[in-house]
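Reader: I'd like a close look at one part of this model, followed outward to whatever else you can tell me. Take your time over it.

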Amino acid sequence: MGQQKGGTAVIVVTGATGNVGRSLVSQLLAEGHPVRGLTRDPDRAALPTGAEAVRADFADPAALAALFVGATGLFINLSAVGEHTPAVLAAAIPAGVRRVVMLSSGAVDDDPDETNPLVAHHVAPERAVMASGAQWTLLRPNGFAVNSFQWAPQIRAGDVVRAPFAGARSAPIHEADIAAVAVRALVDDGHHTAIYRLTGPEAFSNAEQVGIIGAALGRELRYEEIPRAEVKPELFPHVPPGMLDTVLDALAAAAAEEPEVSTAVAEVTGRPALTFAQWASDHAAAFTRPAA
């Protein structure tokens, strides 16, 4: 491992095979930046052509320094790095990483409630990034559009989605927009100490989101609300174990409040944020019924 393209510094991307990470790798490569994608299994990573796929075990401190040779930028996806964030930073900064962008959560605000397990999970790594000595930027997205994949099995099987809180409203953000903001923070000056709250450009209820997915498929889908007591963990596969009740509490609150809609994507990238309809079109294959 080392510098690429005649000495051009590398940007290291953790969580490179995830939804945001893969889009980030693609966008950085498209702008000509060498990328090292960290993954548990490089042979199966299938990263875009031109990316360097490197095996990473964040629980092995002795092996961390080698991951950052020749690197000046680092994207930390907390879902991939988690509690190992301080150790990763302790290896990256002495190796020459000068700029760090972390994907955190919109659950964190300026006065975080650390009794909330979802908030507490993100606050400590955020503080580690801010204290690292690097130029840092925090990304705090609210609902991800990809969370809608939780409805995919039901949509592939039929025309009714049975789930809670039909009226809960959010402004889901396309993962490509999170990645686009990360690109600018990693590559451009002027983002040090910035904390970007990120959302999609418009809010919709859960029922409306299912309808938009249906329109992308050319089908009429219906959302049938179920009581909270009937919710099973498999309905929210993206939610970490032990946090389902916290997420359901947040959804219940969202059903009674007007959601946050941020303009940060447009302000940082210089283009409008992608719509949920665009996301549904981009990912229609995930909801398509298998051929008979």
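Is Thr-39 buried or exposed? Please start there and then walk me through the surroundings.

Author: First, a caveat: this is a predicted model.

Thr-39 is buried, because its relative accessible area is 9%, and the cut-off for that word is under 20%. Thr-39 belongs to strand β2, which covers residues 35-39. Setting aside neighbours within four places in sequence, Thr-39 is in contact with Thr-17, Ala-45, Val-54, Arg-55 and Ala-56. The Thr-39 side chain also has a polar atom 3.3 Å from the backbone nitrogen of Asp-41.

Staying in β2 for a moment, look at Arg-36, which is also found in that strand. Arg-36 has a relative accessible area of 0%, so this arginine counts as buried. What lies 2.7 Å from a polar atom of the Arg-36 side chain? That would be the backbone oxygen of Leu-67.

Back to the Thr-39 contacts: Ala-45 and Val-54 are on that list, and they take us to a loop. Helix α2 spans 42-45 and strand β3 spans 52-55, with Ala-46 in the loop between them. Ala-46 is worth a click, since its phi is positive, about 50°, although the residue is not a glycine. As background, most residues other than glycine have a negative phi. Unlike the buried Thr-39, Ala-46 is exposed, given its relative accessible area of 63%.

There is another backbone angle of this kind to look at. Thr-193 is not a glycine either, and its phi is positive at about 70°. This threonine is found in the loop between α7 (175-187) and β9 (194-198). Thr-193 counts as partly exposed, because its relative accessibility is 46%.

Step from that loop into β9. Which residues make up the covered face of β9, and which the uncovered one? Ala-194, Tyr-196 and Leu-198 are on the covered face, while Ile-195 and Arg-197 are on the uncovered one. As for partners, β9 pairs with strand β6 (residues 135-141) in the parallel sense, over five bridges. To find a bridge on screen, pick Thr-137, whose bridge partner in β9 is Ala-194.

Ile-195 gives another view of this pairing from within β9. With a relative accessible area of 34%, Ile-195 is partly exposed. Leaving out neighbours within four places in sequence, Ile-195 is in contact with Trp-136, Leu-138 and Arg-140. Take Leu-138 from that set: Ile-195 and Leu-138 are 57 residues apart in sequence, yet their C-alpha atoms are 4.7 Å apart in space.

One more stop, this time at an empty space. The second largest pocket holds about 170 Å³. Twelve residues, 12 in all, line this pocket, and the closest to its centre are Ala-9, Ile-11, Thr-72, Gly-73 and Leu-186. The elements that contribute two or more residues to this lining are β1 (10-13), β4 (71-77) and α7. Helix α7 is familiar by now, as the loop holding Thr-193 lies between α7 and β9. By class, the lining of the second largest pocket is made up of five nonpolar, five polar and two charged residues.

So much for the tour; to pull the threads together, Thr-39 is buried in the model, Ala-46 is exposed, and Thr-193 is partly exposed.

Terms used: Residues numbered from 1 in each chain as written. Predicted model: local features only at pLDDT ≥ 70, side-chain atom pairs only at ≥ 80, totals over all residues. Heavy atoms only, no water. Helix = DSSP H or I, 4+ residues; strand = E, 2+ residues; numbered from the N terminus. Buried < 20%, exposed > 50% of the residue type's maximum accessible area, 1.4 Å probe, protein only. Pairing = 2+ DSSP bridges. Polar contact = N/O pair within 3.5 Å; in protein donor to acceptor, adjacent residues only side chain to side chain. Contact = heavy atoms within 4.5 Å. 1 Å grid on protein atoms, 1.4 Å probe; cavity = no way out; pocket = protein on both sides within 12 Å on 5 of 7 lines; lining within 4 Å. Points joined across faces, edges and corners; volume = space filled by probe spheres on them. Nonpolar A, V, L, I, M, F, W, Y, C, P; charged D, E, K, R; others polar.
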